[in-house]
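Colleague: Please give me a close look at one part of this model. Start with the strand pairing there, then work outward to whatever else can be described.

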Amino acid sequence: LSSLDSVIDKTQAIIDQTQFLKKGLMQELFTRGIPARHKKFKKTEIGEIPEEWEAIKLRQVVDINPEQLGAETEEDLPIKYLDISGIHKTGFIGETKDYIFKNAPSRARRRVKQGDIIISTVRPYLRAFALLRACPKNLIVSTGFAVLRPKKFVDAEFIYQHILHDRFMQFLLPQMMGSNYPAVRAGEVVNYKIGYSNIEKERDLIASLLLKIDQRLILEDEVLVEWQNFKSTLMQVLLTGEVRVKT
């Protein structure tokens with residue numbers, strides 16, 4: 001069991017180091033751009049960025065809550081509903097629930113599609129955020145989410161990576177209102193400012209570099225869960241005497 005603990009600790013260390021690497025890389029890419037591409041920089045309210053970039057609000061590159069289910073919606077429309085609790089971990093969407101519209105929760109109103117970014121406006125510090133890289137037909141999310149639809153589909157990953165930056169959370173926290181269910185208004189979310197390159201290839205490359213690290217983290221997370229599950233199983237059979245150890 002101690003050997004398993006060692007493997008689990010080493011796997012967790014890899015995850016921690018990779019997360020640390022990503023934070024540093026995000027800071028570098030979002031303020032300096034692709035290395036060697038920019039020589040001159042300018043000071044802005046979000047910090048120093050390449051001279052060719054712009055500091056813009058998200059509302060300039062996304063539409064907010066673009067599609068709603070209204071009173072005219074067919075009562076028998078089948079939907080798949082995703083509540084905030086359906087995102088167990090940032091970026092990971094759990095099970096959806098099937099309803100017909102008339103029986104669905106009153107919060108089931110926001111229609112989404114592939115490429116949309118969903119951001120929990122209730123208790124945002126829990127980071128119930130996700131990019132819908134795939135999206136089932138008739139997926140409807142709670143009004144507890146702000147839905148951001150990039151005006152250019154190719155920008156979805158680039159904008160999502162900005163959402164994952166710690167600076168985004170630092171922006172949201174002072175905007176929260178309420179004590180039992182602290183929340184931010186969807187309109188405030190899109191007031192967040194980002195550094196935006198006018199070169200599409202640069203935006204795509206920045207997003208791709210960060211996505212590769214995310215993919216590595218997902219793999220290491222899966223390995224960690226497998227080792228933890230294996231240890232739990234082994235403890236059960238060893239500590240109950242179901243399997244005996246030769247001494």
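**A strand and its surroundings**

Modeller: Strand E5 and strand E12 (residues 139-142) pair in the parallel sense, over three bridges. Within that pairing, Leu-82 has Val-141 of E12 as its bridge partner. Keep in mind that this is a predicted model.

E5 covers residues 78-82, and four bridges join it to E8. That pair runs antiparallel. Two contacts show how the residues line up. Tyr-81 stands opposite Lys-97 in E8. Ile-79 has Tyr-99 of E8 as its bridge partner. So E5 pairs with E12 in the parallel sense, and with E8 in the antiparallel sense.

Now place E5 in its sheet. The sheet is open, has four strands and follows the order E8-E5-E12-E9. Its pairing is mixed. The edges belong to strand E8 (97-100) and strand E9 (108-111), each of which pairs on one side only. From one strand to the next, the twist averages 45°. One general point helps when you view any strand on screen. Side chains in a regular strand alternate between the two faces of the sheet.

There is another open sheet to set beside it. Four strands form it, in the order E4-E13-E10-E11, and the pairing is antiparallel. Strand E4 (62-64) and strand E11 (129-131) are at the edges. Each has a single partner strand, so one side of each has no neighbour in the sheet. Here the twist averages 20° from one strand to the next. Look at the E11 edge in particular. Strand E10 (residues 117-120) pairs with E11 in the antiparallel sense, over three bridges. Ile-118 stands opposite Ala-130 in E11.

A further strand pair is worth a look. Strand E1 (residues 41-44) and strand E2 (residues 47-50) run antiparallel and are joined by four bridges. A hairpin of two residues connects E1 to E2. Phe-41 stands opposite Pro-50 in E2.

Next, the helices. Packed helix pairs are described by the angle between their axes and the distance between those axes. Take H2 and H5. They pack at an angle of about 55°, and their axes are 8 Å apart. Angles under 35 degrees count as roughly parallel, and the roughly perpendicular range begins at 65. H2 and H5 are therefore oblique to each other. H2 passes H5 in a left-handed crossing.

H2 also meets H1. The axes of H1 and H2 come within 11 Å and cross at roughly 120°. That makes H1 oblique to H2. This crossing is left-handed too.

These three helices turn up again at the largest pocket. Helix H1 (2-32), helix H2 (156-164) and helix H5 (200-239) each supply at least two residues of its lining. H5 gives the most, with six residues. The pocket holds about 690 Å³ of space. It is lined by 21 residues. Nearest the pocket centre are Lys-22, Thr-90, Leu-164, Asp-214 and Leu-217. Start with those five when you turn the model. By residue class, the lining of the largest pocket has eight nonpolar, five polar and eight charged residues.

Finally, enclosed space. Searching the whole structure finds one cavity of 30 Å³ or more. The largest cavity has a volume of about 30 Å³. Its lining consists of Val-154, Asp-155, Phe-158, Glu-200, Arg-203, Asp-204 and Ala-207. H5 makes the largest contribution to this lining, with four residues. By class, the cavity lining splits into three nonpolar, no polar and four charged residues.

To pull this together, go back to E5. It has E8 and E12 beside it in the sheet order. On the helical side, H5 packs with H2. H5 also gives the most residues to the lining of the largest pocket and the largest share to the lining of the largest cavity.

Terms used
Residues are numbered from 1 along each chain as its sequence is written. This is a predicted model: local features need pLDDT of at least 70, side-chain atom pairs count only at pLDDT 80 or more; totals for chains, interfaces and linings use all residues. Side-chain values use heavy atoms; hydrogens and water are left out. On a 1 Å grid over the protein atoms alone, a cavity is a set of points where a 1.4 Å probe fits but cannot get out, and a pocket is an open set with protein on both sides within 12 Å along at least five of seven lines; lining residues have an atom within 4 Å of a point. Grid points are joined across faces, edges and corners, and a volume is the space filled by probe spheres set on the points. Ala, Val, Leu, Ile, Met, Phe, Trp, Tyr, Cys and Pro count as nonpolar, Asp, Glu, Lys and Arg as charged, and the others, Gly among them, as polar. Two strands pair if DSSP finds at least two bridges between them. Axes are lines fitted to C-alpha atoms, for helices over the stretch in contact, and angles run from 0 to 180 degrees between N-to-C directions. Angles under 35 degrees count as roughly parallel, over 145 as roughly antiparallel, 65 to 115 as roughly perpendicular and the rest as oblique. A crossing is left-handed if the near helix is turned anticlockwise from the far one by less than a right angle, and right-handed if clockwise.
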